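Thank you all for making the time this morning. I would like to walk you slowly through one structure, beginning with the chain as a whole and then turning to a few of its parts.

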Amino acid sequence: MSDSTGTIPGVEITPFGVTPGELEMLAEGASGAPPAHALFRLTIAPGHGLPDKYSYQSLLIDVHKGRLEVSADGGTARVSMGLGAPIRSTPRGKPFCDRAGCPLPEGQPALLGKGNGFSLDGGTLHLKAIGRSPAVITLTVVLREIDFHNPLCWICPVVTK
């Protein structure tokens with residue numbers, strides 16, 4: 001997985017789920033084919049993140065290790081305490097989400113830790129690993145047929161003939 005430069009500095013991406021053959025069929029599918037969910041495990045070095053120049057149809061993040069700062073522009077963003085600690089906007093700030101799910105206002109940062117989750121329907125994600133340890137997350141993203149042909153799509157699996 002890569003961006004237009006070939007790599008994402010500080011990010012290791014492992015795809016799960018869909019095989020290259022299945023992706024090729026989706027990429028060449030009939031017009032109006034349903035979107036595909038792609039599952040990735042990401043290890044993000046401290047201070048690094050994902051490019052924030054792409055918008056998403058739908059995206060889910062589950063944090064397994066480390067801490068992430070996330071925010072979104074546009075779309076509908078939610079954070080979930082899940083099995084982790086309450087979610088704050090600053091390391092020492094008061095919790096603003098201490099239950100199953102809370103709306104995340106546009107541009108509002110949220111600090112996610114182990115067991116916390118994030119969802120975004122439409123809009124642009126801003127994500128950075130914070131602290132001294134790498135963040136390990138599972139990322140599920142809905143890929144539209146057009147995403148398979150976009151050379152700038154950093155999260156799209158490579159489709160080969």
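**The chain as a whole**

The accessible surface of the chain comes to about 8,500 Å², and 55% of that surface belongs to carbon and sulfur atoms. Please keep in mind throughout that what you see here is a predicted model. Of the 161 residues in the chain, 40% count as buried. If we take the contacts in the chain with a separation of 6 or more, then 81% of them are accounted for by residues 24 or more positions apart.

As for secondary structure, the chain has 1 helix and 10 strands, and when you read along the sequence these follow the pattern β-α-β-β-β-β-β-β-β-β-β.

**An open sheet**

Let me turn to the sheet, where 3 strands come in the order β7-β4-β9, forming an open sheet with antiparallel pairing. Its edge strands are β7, covering 110-112, and β9, covering 124-130, each of which pairs on one side only. From one strand to the next, the twist averages 25 degrees.

Looking more carefully at strand β4, which spans residues 67-73, we find that 3 bridges join it to β7, with the two running antiparallel. Within that pairing, Val70 stands opposite Ala110 in β7.

Strand β4 is also the place of Ser71, and here I would pause to ask: does Ser71 count as buried or exposed? Its relative accessibility is 13%, and because buried means under 20%, Ser71 counts as buried. And which residues is Ser71 in contact with, once we leave aside its neighbours within four places in sequence? They are Leu104, Gly107, Gln108, Pro109, Thr124, Leu125 and His126.

**Strand β8 and its partners**

The last part I want to show you is strand β8, made up of residues 117-121, where 4 of the 5 residues are buried, so that the strand is largely enclosed by the rest of the structure.

Which strands are joined to β8 by bridges? One of them is strand β3, residues 59-65, which runs antiparallel to β8 and is joined to it by 4 bridges; in this pairing, Ile61 has Phe118 of β8 as its bridge partner. Another is strand β5, residues 76-80, which is joined to β8 by 5 bridges and again runs antiparallel to it, and here Ser80 stands opposite Gly117 in β8.

That brings me to the end of the tour, and I am happy to go back to any part of it.

Definitions and conventions:
Residues numbered from 1 in each chain as written. Predicted model: local features only at pLDDT ≥ 70, side-chain atom pairs only at ≥ 80, totals over all residues. Heavy atoms only, no water. Pairing = 2+ DSSP bridges. Axes fitted to C-alpha atoms, helices over the stretch in contact; angles between N-to-C directions. Buried < 20%, exposed > 50% of the residue type's maximum accessible area, 1.4 Å probe, protein only. Contact = heavy atoms within 4.5 Å. Areas by Shrake-Rupley, 256 points an atom, 1.4 Å probe, with all protein chains shown as cover.
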